[in-house]
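Thanks for coming, everyone. Let's walk through this one residue at a time and then step back. Here it is on the screen.

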Amino acid sequence: MFLINLNRHYYRSLNCFAVVFSCFLSRRRGISLPANTVEEMTSLIIVKEPATLTKFLGKFAEYMHVVAGDREAIKRIAFEFVEDKAKEGVIYVEVRYSPHFLANTQVDPIPWNQEEGDLSPDEVVRLVNEGLKEGERAFNITARSILCCMRHMPSWSMDVVELCKKYRHEGVVAIDLAGDESLNCEANSEHRQAYEVKRCGIHRTVHAGEVGPPTVVKEAVEVLKAERVGHGYRTLEDQVLYKNLLAQDMHFEVCPISSKLTGACNSDFTKHPVITKDKANYSLNTDDPLIFNSSLHDDYSIAHQFMGFTEEEFKRLNIKSAESSFLPEEEKRELLDKLYEAYEMKQSTAF
């Protein structure tokens with residue numbers, strides 16, 4: 001089955017190759033890691049049991065200081081990412097990342113306790129674009145990217161907007177907002193100003209309702225004008241809001257394995273919020289394959305085994321994913337044509 005993956009964070013979406021590469025980079029760059037072998041690093045990074053979002057986020061500090069600031073690593077991991085998606089049967093992927101988290105100059109503060117270097121957020125985006133494009137050519141899939149603003153770093157947000165504008169015709173399709181949902185974006189002028197990009201034709205998605213209350217989802221949609229909601233599980237706690245979003249055909253980016261291991265949802269997959277009978281608009285996605293030691297196939301298997309998803313539902317959600325993608329309309333139509341043909345389904349004339 002052809003799959004659509006509206007993916008999660010790139011700088012976190014690293015496969016086992018990244019662990020090996022991190023160990024290699026640590027020796028090449030003379031930067032220490034908290035473990036001496038690939039096996040030890042893998043054991044240290046992977047989350048195996050349900051925990052908290054805070055504990056999960058803390059895993060990135062174990063290895064990101066080795067990857068950030070390294071041109072070769074950033075471009076190569078982008079390329080390897082596309083290869084991984086192709087092996088999973090994905091034909092279109094939107095991958096998101098924070099360019100500032102991978103830079104070591106022209107960013108304040110410099111992340112991961114790095115020393116000042118010469119890799120700017122702008123060059124990070126260029127390198128990622130190059131890696132993704134090379135992956136597209138090598139593996140015959142389409143890969144686009146989404147640039148993340150971070151809730152705890154509002155001073156970065158307008159930089160992200162400018163990067164979205166600069167690279168919008170070179171693979172960047174949207175802006176995202178991620179991080180601590182307890183931080184009120186409505187009261188933060190920099191985030192609100194950044195999300196005025198609607199007038200520039202830049203698409204918008206927001207992490208909301210993963211662990212935060214429904215009010216965060218409402219803020220994302222009504223204040224930040226999000227076209228898609230990342231996770232959004234707790235929207236169901238406000239049925240008025242949920243039904244309004246259903247009426248708007250709002251798209252939810254759902255990540256089953258992640259939602260269990262971050263403590264966002266009940267650890268019993270048979271009670272997952274995505275199990276509804278209302279034909280909601282959503283996609284199934286990976287979220288941090290390295291840290292969760294998972295693949296897109298694992299998320300699909302969970303949905304089939306524990307949530308009762310049928311082949312027809314998988315086809316439906318992939319069609320909805322394509323319809324909700326941030327591709328230009330002509331490219332979106334081509335993607336939908338390919339899916340309808342592969343699924344032997346009658347195609348709708350409107351989306």
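Start with tyrosine 97. Tyrosine 97 counts as buried, because its relative accessibility is 0%. This is a predicted model, so keep that in mind throughout. Tyrosine 97 belongs to strand 2. Look across from there to valine 128. Along the chain, tyrosine 97 and valine 128 are 31 residues apart. Their C-alpha atoms are separated by 9.6 Å.

Now a pair with a longer stretch of chain in between. Glycine 263 sits in the loop between helix 11, residues 256-261, and strand 8. Its partner here is glutamate 49, which is 214 residues away in sequence. In space, C-alpha to C-alpha, glycine 263 and glutamate 49 are 9.5 Å apart. Is glycine 263 buried or exposed? Neither label fits: glycine 263 counts as partly exposed, at 44% relative accessibility.

Let me zoom out for a moment. The protein has 351 residues, and 58% of them count as buried. There are 15 helices and 8 strands. Take the contacts between residues at least 6 apart in sequence. Of those, 71% join residues at least 24 apart. The accessible surface is about 14,700 Å². Carbon and sulfur atoms account for 48% of that surface.

Back in, to the loop that follows strand 2. Proline 109 is in the loop between strand 2 and helix 6. Aspartate 108 and proline 109 are joined by a cis peptide bond, with omega about 0 degrees.

Next, the aromatics. How many aromatic pairs does the structure hold? The count is 8. One of them is phenylalanine 101 with tryptophan 112. The ring centres are 5.2 Å apart and the planes are at 40 degrees, so this pair is tilted. Phenylalanine 101 and tryptophan 112 are both in the loop between strand 2, residues 90-97, and helix 6, residues 121-139. They are 11 residues apart. Phenylalanine 101 counts as buried, at 10% relative accessibility. Tryptophan 112 is partly exposed, with a relative accessible area of 21%.

Another pair is tyrosine 282 with phenylalanine 309, and this one is edge-to-face. Centre to centre, the distance is 6.2 Å, with 65 degrees between the planes. Tyrosine 282 lies in strand 8, and phenylalanine 309 lies in the loop between helix 13, residues 296-307, and helix 14, residues 311-323. So the pair ties together parts that are 27 residues apart in sequence. Tyrosine 282 and phenylalanine 309 are buried. They also belong to one aromatic cluster, made up of Tyr282, Tyr300, Phe309 and Phe314.

One more ring, this time with a charge. The charged end of arginine 228 sits over the ring of phenylalanine 326. The distance to the ring centre is 3.9 Å.

Now histidine 231. Histidine 231 is in strand 6, which covers residues 228-231. Its relative accessible area is 2%, so histidine 231 is buried. Its side chain has a polar contact of 2.9 Å with the side chain of tyrosine 233. Check the backbone too. Phi of histidine 231 is near 75 degrees, a positive value in a residue other than glycine.

Asparagine 293 also has a positive phi, near 50 degrees. Asparagine 293 lies in the loop between helix 12 and helix 13. At 48% relative accessibility, asparagine 293 counts as partly exposed.

On to aspartate 287. Aspartate 287 is in the loop between strand 8, residues 281-284, and helix 12, residues 289-292. Aspartate 287 counts as buried, because its relative accessibility is 4%. What does the side chain of aspartate 287 contact? It makes a polar contact with the side chain of serine 258, at 2.8 Å.

Last stop, the cysteines. A disulfide is a covalent bond between the sulfur atoms of two cysteines. How many disulfides does the count come to? The count is 0. Why does cysteine 164 have no bond to cysteine 149? The sulfur in cysteine 149 is the closest cysteine sulfur to that of cysteine 164, but at 7.1 Å it is too far for a bond. Cysteine 164 counts as buried, at 1% relative accessibility. Cysteine 255 is buried as well, with a relative accessible area of 0%.

That's the tour. Over to you.

Conventions. Residues are numbered from 1 along each chain as its sequence is written. This is a predicted model: local features need pLDDT of at least 70, side-chain atom pairs count only at pLDDT 80 or more; totals for chains, interfaces and linings use all residues. Side-chain values use heavy atoms; hydrogens and water are left out. Helices (H or I, at least four residues) and strands (E, at least two) are DSSP runs, numbered from the N terminus. Buried means under 20% relative accessible area, exposed over 50%, partly exposed in between (1.4 Å probe, protein chains only). A polar contact is a pair of N or O atoms within 3.5 Å; within protein, one must be able to donate a hydrogen and the other to accept it, and residues adjacent in sequence count only if both atoms are side-chain atoms. Contact means heavy atoms within 4.5 Å. Accessible areas come from the Shrake-Rupley method with a 1.4 Å probe; for residues, only the protein chains shown count as cover. A disulfide is a pair of cysteine sulfur atoms within 2.5 Å. Rings of Phe, Tyr and Trp (its six-membered ring) pair if their centres lie within 6.5 Å; planes under 30 degrees apart count as stacked, over 60 as edge-to-face and the rest as tilted. A charge sits over a ring if NZ of Lys or CZ of Arg is within 6 Å of the ring centre and within 35 degrees of the ring normal.
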